[in-house]
Amino acid sequence: MSDKRLTFKKRLHILKHRYRGKKMAPAFNAFHTFLFAPDETTHSGSHIRAADDLKRTMNTVIMALVPILIFSFFNTGYQHYSAINGFPENFSLMNDFLTWDNFWLGLVQVLPLVVVSYGIGLLVEFIFAVIKGHEVEEGYLVTGMLVPLIIPVDTPLWMLSIAVVFGVVIGKEVFGGTGMNILNPALTIRAFLFFAYPTWMSGDKVWVHGAVDLAGTPDAISGETVLGYLAQNKGSEMAFSVSDMFYGFIPGSVGETSVLLILLGGLFLIFSKIASWRIMVSAVAGALVMGLVFNGVVEAGWIGAGSSFYGLMSFEFWKHLLVGGLAFGIVYMATDPVTGSQTNTGKWIYGFFIGFISVMIRVFNPAYPEGVFLAILLMNVFAPTIDHYVVRGNIRRRMNRMKNATILPKNTGEEAKELKVETI
């Protein structure tokens with residue numbers, strides 16, 4: 001068996017050299033490097049030997065997303081059958097959630113979203129690579145997985161295809177490809193879907209499979225999310241508990257519901273040094289601060305129960321982290337190393353405003369009570385400006401220290417104090 005693999009690898013290497021310099025070389029090279037490590041080596045000049053590269057980095061992020069994807073299979077089926085038959089009174093993880101029926105329904109509904117996302121996105125990447133004559137980059141490996149997880153489960157496949165083409169072309173390729181884009185491609189796709197097809201991205205029918213098709217019939221079911229319930233300012237008791245929100249047994253976008261798995265994925269990315277813990281911590285702090293401000297406004301009596309903003313304003317500040325896409329956006333979107341701030345100080349500012357603005361949009365826009373994706377896109381635009389002023393501030397402080405430094409005479413025999421250079 002190993003001899004066959006070696007023969008196949010050797011043949012691919014021969015074909016790769018034969019295609020070198022030809023029009024379709026980038027497409028063939030992408031297929032080749034997907035199966036085997038590249039055979040190029042550095043022949044001259046200094047270089048760094050390291051185990052990590054772009055492909056391994058992207059694969060690490062995908063590993064952190066796989067548990068969320070598998071959970072989404074079960075939750076899609078669970079929400080569908082529970083909406084039809086009623087939520088179980090005595091919930092059992094094994095008997096009510098981790099069932100074959102739930103998994104199979106979720107697999108049938110979610111897997112096509114993943115296939116279309118990767119198929120259309122990579123097709124666009126290959127076309128641009130052939131036209132522009134550059135290698136196919138691995139940046140879409142993560143984007144292709146993120147996109148199905150941040151949309152409603154019943155999003156039409158044709159709609160998703162159009163959005164993916166728009167996001168890859170406008171959000172990425174026009175800027176030069178992977179590493180050159182100023183906006184997160186996955187969020188660009190999500191924003192396109194929201195503004196082009198708003199009825200499929202909001203409301204109380206799109207989050208549970210089958211709710212749209214059954215709307216207006218005697219068998220109609222509700223797919224109301226926690227945020228939707230709060231935005232409508234209903235006075236009755238909410239159907240979902242704090243534990244449901246934390247573990248993810250609630251309606252929502254395909255992969256945004258389980259805060260537990262998102263938290264574990266975030267810790268994995270921090271431990272592997274893929275994502276910035278500064279952005280995550282500051283974004284959480286920003287969301288909590290904004291939530292506390294709104295809670296204070298309600299407690300002060302400035303907003304009454306009759307206000308359309310009351311439901312989300314009075315929602316306990318820390319619970320904002322348990323519902324909607326806030327946790328998912330903070331861990332997997334805000335930490336994008338290409339579109340986020342690069343300086344350490346800038347990461348604190350960048351992350352704080354993402355959390356702060358997310359809760360602000362969530363409260364002040366009851367028609368679309370979710371703001372994390374719009375907040376991240378907004379801060380993507382301002383990230384270079386933040387870094388610019390952080391660098392300028394550091395340069396100004398260094399110049400001031402140099403002007404104020406005391407230069408001692410050489411004949412004193414004393415050594416001048418070394419100036420400490422701050423790391424940016």
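## Largest cavity

The largest cavity is lined by 14 residues. Asn-75, Thr-76, Gln-79, Trp-207 and Gly-252 lie nearest its centre. This is a predicted model. The space in this largest cavity comes to about 100 Å³.

What is the chemical make-up of the lining of the largest cavity? Eight of its residues are polar and six are nonpolar. No charged residue takes part in that lining.

## Second cavity

The count of cavities of 30 Å³ or more is two. The second largest has a volume of about 50 Å³. Its lining consists of Leu-187, Arg-190, Ala-191, Phe-194, Tyr-368, Phe-373, Leu-374 and Leu-377.

Which helices each supply at least two residues of this lining? They are α8 (185-196) and α17 (372-404). The largest share, four residues, comes from α8. By class, the lining of the second largest cavity holds seven nonpolar residues, one charged residue and no polar ones.

## Nonpolar core

The largest nonpolar core has 98 residues. Leu-65, Val-226, Phe-328, Tyr-332 and Met-333 touch the most other members. Helix α3 (residues 54-85) gives the largest share of this core, 11 residues. In soluble globular proteins, nonpolar side chains tend to be buried together.

Met-333 is one of the core members just named. Leaving aside residues up to four places away in sequence, Met-333 touches Leu-146, Ile-150, Asn-184, Ala-186, Leu-187, Phe-328, Phe-373 and Ile-376. Two of these partners, Leu-187 and Phe-373, also line the second largest cavity. Another partner, Leu-146, sits in α6 and is buried.

## Helices and burial

The protein chain has 17 helices and zero strands. It contains 424 residues, and 48% of them count as buried. Contacts between residues at least 6 apart in sequence were also surveyed: 71% of them join residues at least 24 apart.

Helix α6 (residues 140-149) is mostly covered, with 10 of its 10 residues buried. The buried residues of α6 include Tyr-140, Thr-143, Gly-144 and Pro-148. Met-145, Val-147 and Leu-149 are buried there too.

## Two local sites

Pro-67 lies in helix α3. Is Pro-67 buried or partly exposed? Its relative accessibility is 38%, so Pro-67 counts as partly exposed. Pro-67 and Leu-264 are 197 residues apart along the chain. Their C-alpha atoms are separated by 9.6 Å.

Lys-273 is found in the loop between α12 (259-271) and α13 (277-299). What is the phi of Lys-273? The angle is near 60°, a positive value in a residue other than glycine. Lys-273 has a relative accessible area of 76%; the cut-off for exposed is over 50%, so Lys-273 is exposed.

## Model confidence

Mean pLDDT for the protein chain is 84. Of its residues, 81% reach 70 or more.

Where does pLDDT stay under 50? That stretch is residues 416-424. For residues 416-424 the model has 12 contacts beyond four places in sequence.

Key. Residues are numbered from 1 along each chain as its sequence is written. This is a predicted model: local features need pLDDT of at least 70, side-chain atom pairs count only at pLDDT 80 or more; totals for chains, interfaces and linings use all residues. Side-chain values use heavy atoms; hydrogens and water are left out. Buried means under 20% relative accessible area, exposed over 50%, partly exposed in between (1.4 Å probe, protein chains only). On a 1 Å grid over the protein atoms alone, a cavity is a set of points where a 1.4 Å probe fits but cannot get out, and a pocket is an open set with protein on both sides within 12 Å along at least five of seven lines; lining residues have an atom within 4 Å of a point. Grid points are joined across faces, edges and corners, and a volume is the space filled by probe spheres set on the points. Ala, Val, Leu, Ile, Met, Phe, Trp, Tyr, Cys and Pro count as nonpolar, Asp, Glu, Lys and Arg as charged, and the others, Gly among them, as polar. A nonpolar core is a set of buried Ala, Val, Leu, Ile, Met, Phe, Trp, Tyr and Cys residues joined through side-chain atoms within 4.5 Å. Contact means heavy atoms within 4.5 Å. pLDDT is the predictor's confidence in each residue, from 0 to 100.
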